[in-house]
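I opened my notebook to write down what I looked up in this structure. The entries follow in the order I made them.

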Amino acid sequence: MPQLSQIGEIYASQFFWLAIVFGLIYFGIGKAMVPKIERTIDDRAARIAADLAAAEAARAEARSADERYQAGLENARSQALKAVTEAKAAATAATEAQIKASDEAMNTRLAEATRRIDETRAAALGEIEATTVDAVEAIVAKLSGASVDRDQAASKVKAELAHG
């Protein structure tokens, strides 16, 4: 076979061109493309590191904002509780003042009513006593025909009414 018989004559030149092609590929890729790829990888790693740092800063800011929010919320709660307590105290004081004024008014009305009742009772007892004295005089005059001294009859009626 003629192709195989030529191997001895051309193998050196084939190795030569093979070395040249591999050298060109090595230096073409190694010197032209590898630095671009390395630069792209370094840029990407730097961008990722910057993004991670920005995310960490954003997380710290969010945590700080949340703590400020919670502190403000707690402050608002304490102020609301204080306002409610003050409002309760004011309402209690106002209610107590109204109740006290109402009690005083009722006590005044009760004292006035008691005084009127006592006056009415005294007047009624006086009328009962006078009517009883008149009735005793009339009964004694009708039954015995004698006249009774009004003062004496009044004192006896008063003594009987007092002892029941």
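**Entry 1: two helices**

I began with how helix α2 (residues 7–144) and helix α3 (residues 150–163) pack: their angle is about 120 degrees and their axes are 9 Å apart. I note here that the model is a predicted one. Are α2 and α3 parallel, perpendicular or oblique to each other? Angles of 65 to 115 degrees count as roughly perpendicular and those over 145 as roughly antiparallel. The angle of about 120 degrees fits neither class, so I wrote down α2 and α3 as oblique. I also looked up the handedness, and the crossing of α2 past α3 is right-handed.

Next I asked which residues of α2 meet α3. On the α2 side I listed Glu-129, Ala-130, Thr-132, Val-133, Asp-134, Val-136 and Glu-137. Their partners in α3 are Arg-150, Ala-153, Ala-154, Val-157, Lys-158 and Leu-161.

**Entry 2: the annotated span**

I then turned to the UniProt record, an unreviewed entry, which annotates residues 15–34 as "transmembrane region". In the model, residues 15–34 are 100% helix and 0% strand. The C-alpha atoms at the two ends of this span lie 26 Å apart.

I picked out Leu-18, which is found in helix α2. Leu-18 counts as partly exposed because its relative accessibility is 41%, and exposed would need over 50%. I also checked Leu-18 against Ile-7: the two are 11 residues apart in sequence, and their C-alpha atoms are 15 Å apart in space.

**Entry 3: aromatic pairs**

How many aromatic pairs does a search of the whole structure find? I recorded two. One is Phe-16 with Trp-17, whose ring centres are 5.3 Å apart. The planes of Phe-16 and Trp-17 stand at 75 degrees, so I put this pair down as edge-to-face, the class for angles over 60 degrees. Tyr-26 and Phe-27 also form an edge-to-face pair, with 5.2 Å from centre to centre and 75 degrees between the planes.

I looked up how open some of these residues are. Phe-16 has 46% relative accessibility and therefore counts as partly exposed. Trp-17, at 54%, counts as exposed. Tyr-26 also counts as exposed, with a relative accessibility of 58%.

**Entry 4: Thr-108**

My last check was Thr-108, which lies in helix α2. Is Thr-108 buried or exposed? Its relative accessibility is 55%, so I entered Thr-108 as exposed. Thr-108 and Ala-93 are 15 residues apart along the chain, and I noted 22 Å between their C-alpha atoms.

Methods. Residues numbered from 1 in each chain as written. Predicted model: local features only at pLDDT ≥ 70, side-chain atom pairs only at ≥ 80, totals over all residues. Heavy atoms only, no water. UniProt positions renumbered as here; feature names shortened; annotations may be inferred. Helix = DSSP H or I, 4+ residues; strand = E, 2+ residues; numbered from the N terminus. Phe/Tyr/Trp six-rings, centres within 6.5 Å; stacked < 30°, edge-to-face > 60°. Buried < 20%, exposed > 50% of the residue type's maximum accessible area, 1.4 Å probe, protein only. Axes fitted to C-alpha atoms, helices over the stretch in contact; angles between N-to-C directions. Parallel < 35°, antiparallel > 145°, perpendicular 65-115°, else oblique. Left-handed = near helix turned anticlockwise from the far one by under 90°. Contact = heavy atoms within 4.5 Å.
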